[in-house]
Amino acid sequence: MEILAFVLSTLGLISVTSASLIKGKKMGLILFLVCCGNFLYATSYVIDGSGINGAASCYLGGVLAIVNYLFDARGKTVPKWLAAIYALAFIVINVIFGTEVIPTLLAILATMCFVLSIGMPSGTKYRIWTCVNLLLWITFDIVTQTYSTLYAHIIQLTCTVVGMFI
């Protein structure tokens with residue numbers, strides 16, 4: 001099962017790394033790739049079994065990316081009230097599924113950065129918030145000993161930083 005968790009994390013890594021390397025205002029494609037990456041990371045967390053609130057957060061993040069994609073496809077921005085609902089939903093889901101205080105707080109902070117990143121109008125701002133998000137997920141992965149996603153998050157962070165300078 002560990003091998004499957006690593007394979008899913010690797011596929012998630014490919015998806016979200018591709019999203020971070022896209023130039024211009026192709027937010028629909030970026031959000032689609034972010035959605036796929038979140039679902040793959042979440043499933044990896046489920047299989048690994050050590051980061052269940054991480055899995056719940058990633059599944060919810062994938063759903064929110066779909067909602068944001070629908071707004072982007074219609075040429076509209078996500079309303080601030082909806083972003084507030086996103087934030088509240090992440091807090092609630094982490095409180096429900098969190099089993100320890102530190103990982104739960106890290107997941108809440110990471111998901112708040114995710115809410116900010118997927119609402120950014122420019123690729124640069126998206127990448128900055130993604131870096132903060134990834135640093136928090138890396139810390140979460142270390143604390144929960146979820147190695148199948150730890151390596152992927154480290155590589156994703158490296159690629160995102162490189163993407164900022166390309």
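A residue is called buried when its relative accessible area is under 20%, exposed when it is over 50%, and partly exposed in between. Keep that in mind as we walk through this predicted model. Try it on Ala-89, a residue of helix H4. Is Ala-89 buried, exposed or partly exposed? Its relative accessibility is 27%, so Ala-89 lands in the partly exposed group. To get a feel for distances, pick Tyr-69 as well: it sits 20 residues from Ala-89 along the chain, and the two C-alpha atoms are 18 Å apart.

Now zoom out to the whole chain. How many helices and strands does the protein chain have? There are seven helices and zero strands, so the order from the N terminus reads α-α-α-α-α-α-α. The radius of gyration is 14 Å, close to the 15 Å that the globule rule gives for 166 residues, so the chain is as compact as a globular protein of that length. If you drew a box around the C-alpha atoms along the principal axes, it would be roughly 40 × 35 × 20 Å.

What about inside and outside? Of the 166 residues in the chain, 48% are buried. On the outside, the chain exposes about 8,200 Å², and 76% of that comes from carbon and sulfur atoms. Contacts also reach across the sequence: take those between residues at least 6 apart, and 66% of them join residues at least 24 apart.

Before we go into detail, a word on confidence. The chain averages a pLDDT of 87, and 97% of its residues score at least 70. Confidence is lowest in H3, with a mean of 86, and highest in H4, at 90. Why look at such scores at all? Where pLDDT is low, the predicted coordinates should not be read in detail.

Let's visit the surface next. Val-46, Ile-52, Tyr-59, Leu-88, Val-92, Ile-96 and Phe-97 make up a nonpolar patch there, and together they have about 610 Å² of accessible area. Two elements, helix H3 (52-73) and helix H4 (80-97), each give two or more residues to this patch. H4 has the largest share, with four residues. One residue to look up is Ile-96, which belongs to helix H4. Ile-96 counts as exposed because its relative accessibility is 58%.

For a contrast, go to helix H7, where you'll find Ser-148. Ser-148 has a relative accessible area of just 1%, so it is buried. Which residues does Ser-148 touch, if we skip those up to four places away in sequence? They are Ala-5, Phe-6, Ser-9, Ser-44 and Asp-48. Val-162 is in helix H7 too, but at 42% relative accessibility it counts as partly exposed. Compare the position of Val-162 with that of Ser-9: they are 153 residues apart along the chain, and their C-alpha atoms are separated by 20 Å.

Our last stop is a loop. Gln-145 lies between helix H6 (123-144) and helix H7 (147-165). With a relative accessibility of 52%, Gln-145 counts as exposed. What is the phi of Gln-145? It is positive, at about 55°, although Gln-145 is not a glycine. Why point that out? Most residues other than glycine have a negative phi.

Conventions: Residues numbered from 1 in each chain as written. Predicted model: local features only at pLDDT ≥ 70, side-chain atom pairs only at ≥ 80, totals over all residues. Heavy atoms only, no water. Patch = residues over 30% accessible without salt bridge, like charges linked within 9 Å, V, L, I, M, F, W, Y side chains within 5 Å. Areas by Shrake-Rupley, 256 points an atom, 1.4 Å probe, with all protein chains shown as cover. Salt bridge = Lys/Arg side-chain N within 4 Å of Asp/Glu carboxyl O. Buried < 20%, exposed > 50% of the residue type's maximum accessible area, 1.4 Å probe, protein only. Rg over C-alpha atoms; globule rule 2.2 N^0.38 Å. Contact = heavy atoms within 4.5 Å. pLDDT = per-residue confidence, 0-100.
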